Amino acid sequence: MRDQVQQVLDTLRLANGLYVASPSNTYHYVWIRDVCYIALSDIHRDNSRFEETYHCLFDIFRKYKWKLAYHATHKPHEAFEYIHPRYTADTLEEVHEPWGNAQNDAIGAFLFGVGEGLRQGRAMLRDDEDKLILTLLVSYLITLEYWHDADNGMWEENREVHASSIGACVAGLFAIRPFVDVPWAAIQQGLCALYRLLPSESGSKEVDMALLSLLYPYRLLPARMSEMIVERVEGTLLRRHGVLRYLDDKYYAQQGQEAEWCMGLPWLGICHALLGHREEAFAYLARAQEQMTADFKLPELYQPITETPNENTPLGWSQAMWLILYDMLYDS
């Protein structure tokens with residue numbers, strides 16, 4: 001079973017080691033965040049794919065080093081000024097159309113992955129230029145004052161201060177602090193802001209699937225707070241085919257009912273596994289498997305009335321989350 005799910009994910013992998021989010025026309029792009037989550041399915045495997053993926057992400061930042069260097073000292077305000085989270089699959093160019101490009105969690109996810117790779121002794125940094133990119137990204141987040149910056153968040157929607165974005169930046173800065181200079185005050189500001197928001201995601205969303213990122217991959221919260229967030233997500237957002245992103249989500253809604261996101265099932269399973277709830281984790285692994293198509297593709301979401309997957313099938317992020325949960329349960 002694992003091999004078939006992996007083979008589907010591999011169809012989304014480009015020759016350079018990056019991944020498109022999905023083969024659909026609307027998602028045939030490279031998202032930094034999606035790639036960072038997908039890469040986590042390789043971080044404990046005995047191959048070089050994790051490093052290869054990150055080296056190509058470094059190449060994107062190197063390509064736009066001029067922009068990163070400018071905004072390391074000049075705070076961006078409009079969404080197009082931010083370091084973009086999405087690039088063309090063929091030339092890795094910024095996509096020039098109106099978009100919610102203010103996505104601080106994508107930068108945090110990248111820094112976190114680099115730090116985790118370095119902690120495991122992987123060759124994440126090829127030369128001084130890669131290390132310079134890390135230094136510029138740290139300065140970018142500080143100049144941005146990420147701890148109270150209203151960004152578009154994980155779901156690329158309304159700009160407000162998001163706990164999941166702050167958490168990603170805190171975790172990323174923590175992860176690379178042993179390897180590059182990160183002022184402790186930059187982390188402290190983020191932690192204080194995060195705990196002022198919790199257990200809510202933002203001013204408009206009390207419960208949001210994005211909060212699961214604070215448990216996995218970032219592991220930022222004490223056990224009781226982690227349990228509370230899982231309970232709130234399950235009690236408010238869990239549905240038959242997946243997890244709602246948040247209540248009253250309009251994306252792919254039908255007749256006022258929200259779409260059910262498949263990746264939420266293995267994500268909840270991973271959180272339960274980290275909390276020591278192995279029975280629940282296995283149940284979510286099986287439940288996610290039930291949402292797969294006959295050819296082992298896990299969709300982005302199921303539409304709530306027709307109970308059919310949308311066109312973003314498979315979604316690389318969904319496939320990877322299932323693989324991560326599988327490996328957590330069976331490799332241990």
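**Pockets, cavities and lone cysteines**

The largest pocket has a volume of about 360 Å³. Keep in mind as you look around that this is a predicted model. Sixteen residues would be a lot to click through, so start at the middle: of the 16 that line this pocket, Leu40, Ile43, His44, Tyr216 and Arg219 lie nearest its centre. Two elements, helix 5 and helix 12 (316-330), each give two or more residues to the lining. By class, the walls of the largest pocket are a mix of 7 nonpolar, 3 polar and 6 charged residues.

Now move to the second largest pocket, with about 280 Å³ of space. It also has a lining of 16 residues, and those closest to its centre are Tyr27, Glu156, Arg245, Trp261 and Glu300. Here the lining splits into 10 nonpolar and 6 charged residues, with no polar ones.

Next, the closed-off spaces. Rolling a probe the size of a water molecule over the atoms shows where empty space is left. In this structure there are 2 cavities of 30 Å³ or more.

The largest cavity holds about 60 Å³ of space. Part of its lining comes from a run you can pick out in the sequence, including Asn152, Gly153, Met154 and Trp155, and further along you'll meet Glu201, Lys205, Asp208 and Ala210, among others. Sorted by class, that lining has 3 nonpolar, 4 polar and 4 charged residues.

The second largest cavity comes in at about 40 Å³. Around it sit Cys36, Tyr37, Leu40, Tyr54, Ala109, Phe112, Gly113, Pro217 and Tyr218. Helix 2 (32-39) and helix 5 (104-119) are the elements that give two or more residues to this lining, and the largest share, 3 residues, comes from helix 5. The class count is 8 nonpolar, 1 polar and no charged residues. Leu40 is worth a second glance: it lines this cavity and is also among the residues nearest the centre of the largest pocket.

Cys36, in the wall of that second cavity, brings us to the cysteines. How many disulfides does a search of the whole structure find? The count is 0. For Cys36, the closest cysteine sulfur is in Cys56, 12 Å away, which is too far for a bond. Cys36 is also buried, at 3% relative accessibility. Cys271 tells a similar story: its sulfur is 17 Å from the closest cysteine sulfur, in Cys262, so a bond is out of reach. At 0% relative accessibility, Cys271 counts as buried too.

How values were computed:
Residues numbered from 1 in each chain as written. Predicted model: local features only at pLDDT ≥ 70, side-chain atom pairs only at ≥ 80, totals over all residues. Heavy atoms only, no water. Disulfide = S-S within 2.5 Å. Buried < 20%, exposed > 50% of the residue type's maximum accessible area, 1.4 Å probe, protein only. 1 Å grid on protein atoms, 1.4 Å probe; cavity = no way out; pocket = protein on both sides within 12 Å on 5 of 7 lines; lining within 4 Å. Points joined across faces, edges and corners; volume = space filled by probe spheres on them. Nonpolar A, V, L, I, M, F, W, Y, C, P; charged D, E, K, R; others polar. Helix = DSSP H or I, 4+ residues; strand = E, 2+ residues; numbered from the N terminus.
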